[in-house]
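Biologist: Before I plan anything around this protein, I would like to go through its structure with you. Could we take the pocket first and then work through the interior?

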Amino acid sequence: MPYWSALRSIDAQLESLAAEETRHRDEIRRIQQRRELLIAQRAMVERRKTIYSLPTEVLLHVFHFFVQWDEDDWQEGEEIDWRAMTLSHVCSTWRTAVLNTSSLWACLDFSRYPAVRPIIARSKEQPVDIVHGIKPLPGYKHDIRFEAVLKSTAPRWRSLLWES
């Protein structure tokens with residue numbers, strides 16, 4: 001009965017294929033679970049909002065709060081005029097927004113002359129707060145153009161805080 005051995009061989013092959021099919025189903029199930037997990041993670045990342053994903057208009061409102069200062073800040077030695085500069089060094093998006101928003105450059109600290117001149121240019125025609133402390137930058141040398149630069153901003157003065 002030669003067909004019995006042929007049947008046993010076929011049955012063995014069928015069992016082997018059934019086992020292989022089970023392994024592949026398990027692998028497909030694992031792949032599908034991994035795919036679903038990655039889809040869920042992707043959706044979470046898309047929903048996650050960071051400060052870098054905020055529209056520029058919203059960022060500028062936040063930046064305005066950051067650059068605001070009062071006399072206490074100034075008396076405590078904070079670098080109130082460099083707050084906009086600090087923002088402009090975070091990333092290229094922030095830099096573009098900050099450099100193009102003149103209202104963020106409204107604090108002019110004349111104790112930093114001549115460093116104040118680029119800030120004057122960035123403030124454009126905005127009303128400005130003029131401050132001058134008795135602690136000039138290291139290496140500061142009196143410049144005869146100081147008075148002329150100060151006077152050129154006079155029509156835009158919003159406040160004046162001067163220490164001499």
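Modeller: This is a predicted model. The lining of the second largest pocket divides into nine nonpolar, four polar and three charged residues.

Biologist: Which residues lie nearest the centre of the second largest pocket?

Modeller: About 230 Å³ of space lies in this pocket. Its lining is made up of 16 residues. Those nearest the centre are V67, S103, A106, D129 and R158.

Biologist: D129 belongs to β2. Is β2 enclosed or open, and how many of its residues are buried?

Modeller: Side chains in a regular strand alternate between the two faces of the sheet. In β2, one side carries V128, I130 and H132, the other carries D129 and V131, and all of these are buried. The strand is therefore largely enclosed by the rest of the structure, the count of buried residues being five of five.

Biologist: Which residue of β2 stands opposite L108?

Modeller: Strand β1 covers residues 107-109 and runs parallel to β2, with three bridges joining the two. L108 falls within that range, and the residue opposite L108 is I130.

Biologist: Which element gives the most residues to the largest nonpolar core?

Modeller: That core has 23 residues, and F63, V98, L104, W105, L108 and F110 have the most contacts inside it. Two or more residues come from each of α2 (56-67), α4 (83-88), α5 (92-99), α6 (116-123), β2 (128-132) and α7 (146-152). With four residues, the element that gives the most is α2.

Biologist: F63 is among the residues with the most contacts in that core. Leaving aside neighbours within four places in sequence, what is F63 in contact with?

Modeller: F63 falls in the range of α2, 56-67. Beyond its sequence neighbours, the contacts of F63 are L87, W94, V98 and L104.

Biologist: Which residues does the second, separate core include?

Modeller: This core stands apart from the one around F63 and has five residues. V131, which is buried in β2, is one of them. Those named are W69, C107, V131 and L161.

Biologist: F66 is also in α2. Is F66 buried, partly exposed or exposed?

Modeller: Leaving aside neighbours within four places in sequence, F66 is in contact with R83 and L87. Its C-alpha atom is 9.2 Å from that of L104, a residue 38 places away along the chain. Buried would need under 20% relative accessible area and exposed over 50%. F66 has 39%, so it counts as partly exposed.

Biologist: How far apart in space are R30 and R122?

Modeller: R30 sits in helix α1, residues 2-47, and is partly exposed because its relative accessibility is 49%. In sequence, R30 and R122 are 92 residues apart. From C-alpha to C-alpha, their separation in space is 58 Å.

Biologist: What separates the C-alpha atoms of M44 and A12?

Modeller: M44 lies in helix α1 as well. A relative accessible area of 47% makes M44 partly exposed. M44 and A12 are 32 residues apart along the chain, and their C-alpha atoms are separated by 48 Å.

Biologist: What is the phi of K124?

Modeller: K124 is found in the loop between α6 and β2. With a relative accessible area of 45%, K124 is partly exposed. K124 is not a glycine, yet its phi is positive, at about 50°.

Notes
Residues numbered from 1 in each chain as written. Predicted model: local features only at pLDDT ≥ 70, side-chain atom pairs only at ≥ 80, totals over all residues. Heavy atoms only, no water. Core = buried A, V, L, I, M, F, W, Y, C linked by side-chain atoms within 4.5 Å. Buried < 20%, exposed > 50% of the residue type's maximum accessible area, 1.4 Å probe, protein only. Contact = heavy atoms within 4.5 Å. 1 Å grid on protein atoms, 1.4 Å probe; cavity = no way out; pocket = protein on both sides within 12 Å on 5 of 7 lines; lining within 4 Å. Points joined across faces, edges and corners; volume = space filled by probe spheres on them. Nonpolar A, V, L, I, M, F, W, Y, C, P; charged D, E, K, R; others polar. Pairing = 2+ DSSP bridges.
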